[in-house]
Amino acid sequence: MFAGWAAVSAEEFLPVSEVREGMHGYAKTVVHGTQVETFDVDVLGVMKQKGATGGDLILVKVSGDLIDKTEGIAQGMSGSPVYINGKLLGAIAYGFPQSGGRIGMVTPISDMLELWLTDNKKSAYIPRPSSDLIPIDTPLMASGYSAGGMEYLSDKMQDFHMIPFSAVSVDQDTVARPLEAGGAVAASLVTGDLKSGAIGTVTYVDGNQMLAFGHPFMSRGNTGYFMHNSYIFTVIPSKNIPFKLGSVGAEIGTVNQDRGAGIGGISGTSPDFVALHAFVKDKDTGVEKDLNVRMIQNESLLPTLSATSVYNAISTAMDRRGQGTVKFTYTLHPKDMKQKPFTRTNMYWSSTDIAERSVDEIYQIVKLLEQNRFESYALRNISMDMEVTQERNTAKILDASASPVVVSPGDTIYVRARLQPWRGEVFYKDLSFDVPEDQPLGNMVLEVRGGGVVPLPYLLQQQKYNLTEEILSRLRSYKNFDDLHGKLMKEDQNNQVVVEIIDPDVSMVSKEEDGKVKAEIQNKPAGKDPVDLKKKEGGTGLDTDKESPKSRVDTDYVIYGDGQFTFKVMNPSDRDT
């Protein structure tokens, strides 16, 4: 799988202390294909303590035919090695767009070599370079994505200050090539049927180790990106700063360091990864899509990488946009065999973009489990089976009947719900509900609802105390990881009819469009002590720990609507009388 590395003789380095204004040298990079070319470099001076790690940077002016052709320093040239008097000075790392791309700064090779001395088992603070050097946004080369998939990827990667660009593959991408100083290299987040990675230039190679970029990629410190060859197609002009357009080619190793002075990698190794397999069937056209990718093992990035990969699978299979109903089952397998897998089935309807709606849940679940505060839940693989149709498979609860209406703790209540599908024939669903043994005497309210209908108590409290969704999420507490895992797996499904006990005078709200909830009461004053919502003291409060007794039954539709019954709970002797 991996290329061998050409033996590199010990190279001489030029220390910053010996750098003088007026020194002339050259730099190496690739602007087309894999051919390394050179351009002229002249030293303007040394800028003290301007580097990301507090070190010095060398201010340089670049020139020559290659620079004229690229209209200045381009993103992707980062890492281009600079030589003066035959000695390696460092890597072109930063540029000033206002200079016409002719002025840049060099990260000293001495700072970059520190990456090889970093303890890979320890984390460290990774400073960002000064914002007046180069734009923070990093061009991300992506291949295998549909047009819709690229739009979705672009939207989601904004959180990480990256701009994806479509790139195609070439025949050379199937062959692993040894890296060389001045050659192109890619640090990739996803590989397989989809590829996405940042393109840069190799600064120095020694045995099976390499240094590149001269500045951070994502400032992740100890990391595990896929390391790939890259074929450069061209340099794209830009009003801000031009950039190289290249492929993410053959996998050749691991990028294990991403720090202020650049990235470092090791050939012949493979990083820790999470495999994802998504199978999608479009029931309308019969088209089936299999997607297999490997994603880097990173708690912060994995939710986004998973969602964008699955989105691409379903959008490619559908080959359209708009309304639809999706049903899916997914399983998350942890690396630690002692930990429990997570499996869940659900169903969604959307009138606008069913592809986007279909990945909301996998994003949220992966985020909740990967970033939980209790224990590590590193994943080994994710599998997802999906069926999608343009038809609106929704149904509304018209009404329901229940008996008996006078009960005692431990009794069984029988419920029959009458439902009508969208433009379909009425059907019925029967459920039984056991009154809890500790149910207080008096009135008991049962709610019959669709599984995607959200209890209004959260909305009432949100309006009463003017709480944000962020505060509400913090109020929902879990005892430990098993409690979190279990509650998430037992969450109601949108295609279920649910019967559960609720507080009196409380209803449910559902926006039929997508099962989302919207508060209608506005301009409510903030409460004095929202934290007290965690305590339920005899009134209608937000009890986040107690699970409400409930009964559920599956259907073939996304269920909307709700209804309530009031039961009288008595002692058995009074009930019989």
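Surface patches are made of residues with over 30% relative accessible area and no salt bridge (a side-chain nitrogen of Lys or Arg within 4 Å of a carboxyl oxygen of Asp or Glu); like charges are joined within 9 Å and nonpolar side chains (Val, Leu, Ile, Met, Phe, Trp, Tyr) within 5 Å. Accessible areas come from the Shrake-Rupley method with a 1.4 Å probe, and for residues only the protein chains shown count as cover. The model is predicted: local features need pLDDT of at least 70, side-chain atom pairs count only at pLDDT 80 or more, and totals for chains, interfaces and linings use all residues. Residues are numbered from 1 along each chain as its sequence is written, and side-chain values use heavy atoms, with hydrogens and water left out.

A nonpolar surface patch is formed by Leu 398, Val 426 and Tyr 428, which together have about 250 Å² of accessible area. Tyr 428 belongs to strand 25 (residues 427–434); strands (E, at least two residues) and helices (H or I, at least four) are DSSP runs numbered from the N terminus. With a relative accessible area of 47%, Tyr 428 is partly exposed, a class between buried (under 20%) and exposed (over 50%), for a 1.4 Å probe and protein chains only.

Thr 191, in strand 9 (residues 184–192), is buried, at 4% relative accessible area. Neighbours within four places in sequence aside, Thr 191 is in contact (heavy atoms within 4.5 Å) with Phe 226, His 228, Glu 251, Val 293 and Arg 294.

Of the 17 residues of helix 4, 16 are buried, so this helix is largely enclosed by the rest of the structure. Asp 319, just after helix 4, takes a positive phi of about 55 degrees.
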